[in-house]
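Trainee: Could you take a close look with me at the charged side chains? I'd like to know where they sit and which ones pair up.

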Amino acid sequence: METEKDKHLPEKSPSFASREDQDHDNQHHVPDPNMNPEQDHHQNNDDNNTENPESSTEAEPKSENIEAENKEEEATERNVEESPPPPDFSEVCVEIDQFISDLSSAKCQESDPPDVPKVVEQFAFLMEAKIANYDSTESPMKWNQLSDGDSSSFLEAVDQVSKLTISLTAFSSESKYNSSINRIGCILQRAMSYLEDEFKSLLESLKIPDSPSSHSNQTDDQSASQESNATGENNIFLGYSEEVVSNLNRLAKAMRIGGYETECYQVYIVVRRSVFEETLHELGFQKFSIDEIQKMQWESLEREIDSWKQTFKQFATVYFARERKLSEAVFTDHGSLTDGLFSSLTGGIMIQLLNFAQAVAMTKRSSEKLFKVLDIYETLRDVVPSMDDLFPEEIGNEIKSEASLTRSQLGESTVFIFCELENSIKADTGKMTVPGGAVHPLTRYTMNYLKYACEYKDTLEQIFREHQKIERADSGTGSDYDYNSHCGQNHNNHKVQQSPFALQINKVMDLLDTGLETKSKLYKDTSLSSLFMMNNGRYILQKIKGATEINDLMGDTWSRKRSSDLRQYHKNYQRETWGKLLSCLNHEGLSLNGKVVKPVLKEKFKSFNVMFDEIHRTQSTWVVSDKQLQSELRVSISSVVVPAYRSFLARFSQTFTPGRQTEKYVKYQPEDIETYIEELFDGNATAMGRRRP
């Protein structure tokens, strides 16, 4: 019988209730010496009945109460001793497996499902405690700090929750399952939330390698080598250790089984896309709109193109391949899903990079842009095919199509820019002559431009052929290149097959020759005009011979013709300058009746001296910068002038009276003539100042 006192006893755990009550029974009440009997009596009553003091008058004798209490406490102790220990989690899981099996059997046989056993409630209670232990609000356990045993145990438990959820949900129409479905579903949701957070945390734990993009003075090969080292030759997972990748795989699998694959994929895409954007920045590539690129100064755009080239190669040959390996390692046995994830991540980056290339092709075309445009073209041509095995067929075809379109736009821009060289030559109609007959700036510019362009010879050949095919297709005349209709003709009237690019080079050279001929006529001195053509012709020939690619295009026939032209200019110069001087040394009119006519001799020496002085004074200021040509000219002049003068002097100098008369008319000795010839073509206006009076 439960007494009033029993109703108001404080709740205690069974293990501590018995011990405390026993101590109470063994105590003997000791009256307080300072308390009078009345107070002591009331105190005892208060101890026995705290809720209703008045009940003490109606209470049974004290000894009976104590006996009743002892009986009840003994019964409580027996109940505690007889209650079973807490259920073992592994045993609960075994029973859950059996229940899942029963549900599956009922589903297959379309029979009534069994009632929800008590073990489901036990399982829910234990899982809630387990998840709370991992996913503490204040300090959740980090996945990378868990031991293999703890992480495996947790994932096995979550797997059990997932399976139970799926099995229960199959009977969602059964009202008796509603409560269990809701509770197990909440447990699964919390477990998935924890796994999602840890999945994201692991994805964000990578280290992005330092980029070597700051080493702007390095060659492409050196940069590529350093980039490869920076990402780690053995690190195929882009900054993740194999242990981290293994954990990512386990978490992804658990989330997929739990029906949270969409959340898992979204987290993966968001984090990896953010990493890619950061990597782009580390490599020095910035995202610009087409309008921004159109307005950019060329010097700035040139630097951005260099960054683009390095970034494109790095992503196409390293990052994309390793991203593919990473996604395959994280999401194993799900090829189609891996393809989707990889395409979603890398496709956006590829379009971003291709958009930059397209924007460059759309900028205002000018000659200085040719080589950077060719760099972009070659990068796309050489690198895009290396990605064939990375992308699913549909996405791969889309990327190749976009890259091909971009290449076509760059090719069109290249043809236009190169053909602008013709216009720049035609437009150079200045009436100012180059001092000293030196190499004209237009010649230097054109030949250096062609020399560098021919370093891209194969690419330009390809571009011009493709461009011609497009033109022929648009005109309806066919798309095949007809060599027979594009032949150069050598000087033996033999046709020589030439490619479209070779024809373009020859056209430029013909325009340059025509322009130089026109400019040479601006000189009043025909000797200087010939020297100007020699200087420019020699410069052109040396540039051609010094570059294998352009030399192959021009051919031996062209080189022989150029050399022949140079010899002709040389002869013209010799005739105009030194032929006139040598006419002063002929013997015509010097002898009369076997005697030297002194006045005529004096006039000849006088004319020679005046003319040589003028030639030396003038042609010392003329310029021949090619040392070999300069030497050839001096040697050829000396070989003609010095022997003739020495012979003339030896024969007629004795005619003069020794002394002042000889010195008056014989101003130069043959050795002096040689010395002064060596001073020609130095561009030195003060050379005559060294002459003796």
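Mentor: Here comes a walk through the charged side chains, followed by a few other spots along the chain.

Some ground rules before we start. This is a predicted model, where local features need pLDDT of at least 70 and side-chain atom pairs count only at pLDDT 80 or more, while totals for chains, interfaces and linings use all residues. Residues are numbered from 1 along each chain as its sequence is written, and side-chain values use heavy atoms, leaving out hydrogens and water.

Let's begin with helix H21, which covers residues 548–582. A helix here is a DSSP run of H or I with at least four residues, and strands are E runs of at least two; both are numbered from the N terminus. Look for the negative surface patch made by Glu455, Asp458, Glu549, Asp552 and Asp556. Helix H21 is its biggest contributor, giving three residues. To be in a patch, a residue needs over 30% relative accessible area and no salt bridge; like charges are joined within 9 Å, and nonpolar side chains (Val, Leu, Ile, Met, Phe, Trp, Tyr) within 5 Å. Asp and Glu count as negative, Lys and Arg as positive, and His and the chain ends are not counted. Each charge is placed at NZ of Lys, CZ of Arg, CG of Asp or CD of Glu. The areas come from the Shrake-Rupley method with a 1.4 Å probe, and for residues only the protein chains shown count as cover.

Take aspartate 552 as one patch member; its place is in helix H21. Aspartate 552 has a relative accessible area of 53%, so it's exposed. The cut-offs are easy to keep in your head: buried is under 20%, exposed is over 50%, and partly exposed is in between (1.4 Å probe, protein chains only).

Now for the pairs. Side chains of opposite charge can pair when their charged atoms come close. We call it a salt bridge when a side-chain nitrogen of Lys or Arg is within 4 Å of a carboxyl oxygen of Asp or Glu. The structure holds 26 of these salt bridges. In helix H21, lysine 561 pairs with aspartate 565, and their closest N and O atoms are 2.7 Å apart. These two are four residues apart in the helix, so about one helical turn separates lysine 561 from aspartate 565. Lysine 561 counts as partly exposed, at 33% relative accessibility.

Further along helix H21, lysine 580 and glutamate 576 meet in a salt bridge too, at 3.9 Å from N to O. Lysine 580 and glutamate 576 are again four residues apart, which means about one helical turn between them. Both count as partly exposed: lysine 580 at 46% and glutamate 576 at 26%. Glutamate 576 also has serine 530 for company, 46 residues apart in sequence but 9.1 Å apart in space, C-alpha to C-alpha.

What about pairs from elsewhere in the chain? Lysine 176 forms a salt bridge with aspartate 115, with the closest N and O atoms 3.0 Å apart. Lysine 176 lies in the loop between helix H7 (148–169) and helix H8 (178–203), and aspartate 115 in the loop between helix H5 (89–109) and helix H6 (118–134), so this pair ties together parts that are 61 residues apart in sequence. Lysine 176 is partly exposed at 35%, whereas aspartate 115 counts as exposed at 58%. There's a network of salt bridges as well, linking Glu121, Glu128 and Arg183.

Away from the charges, try glutamine 160 in helix H7. Glutamine 160 counts as buried, at 7% relative accessibility. Its partner in space is phenylalanine 123, 37 residues apart in sequence with the C-alpha atoms 9.8 Å apart. Serine 274 in helix H11 (residues 261–282) is partly exposed at 45%. The C-alpha atoms of serine 274 and glutamate 204 are separated by 9.6 Å, though the two are 70 residues apart along the chain.

One last oddity is phenylalanine 681, in the segment after helix H25 (670–677). Its phi is near 70°, a positive value in a residue other than glycine. Most residues other than glycine have a negative phi. Phenylalanine 681 is buried, with a relative accessible area of 1%.
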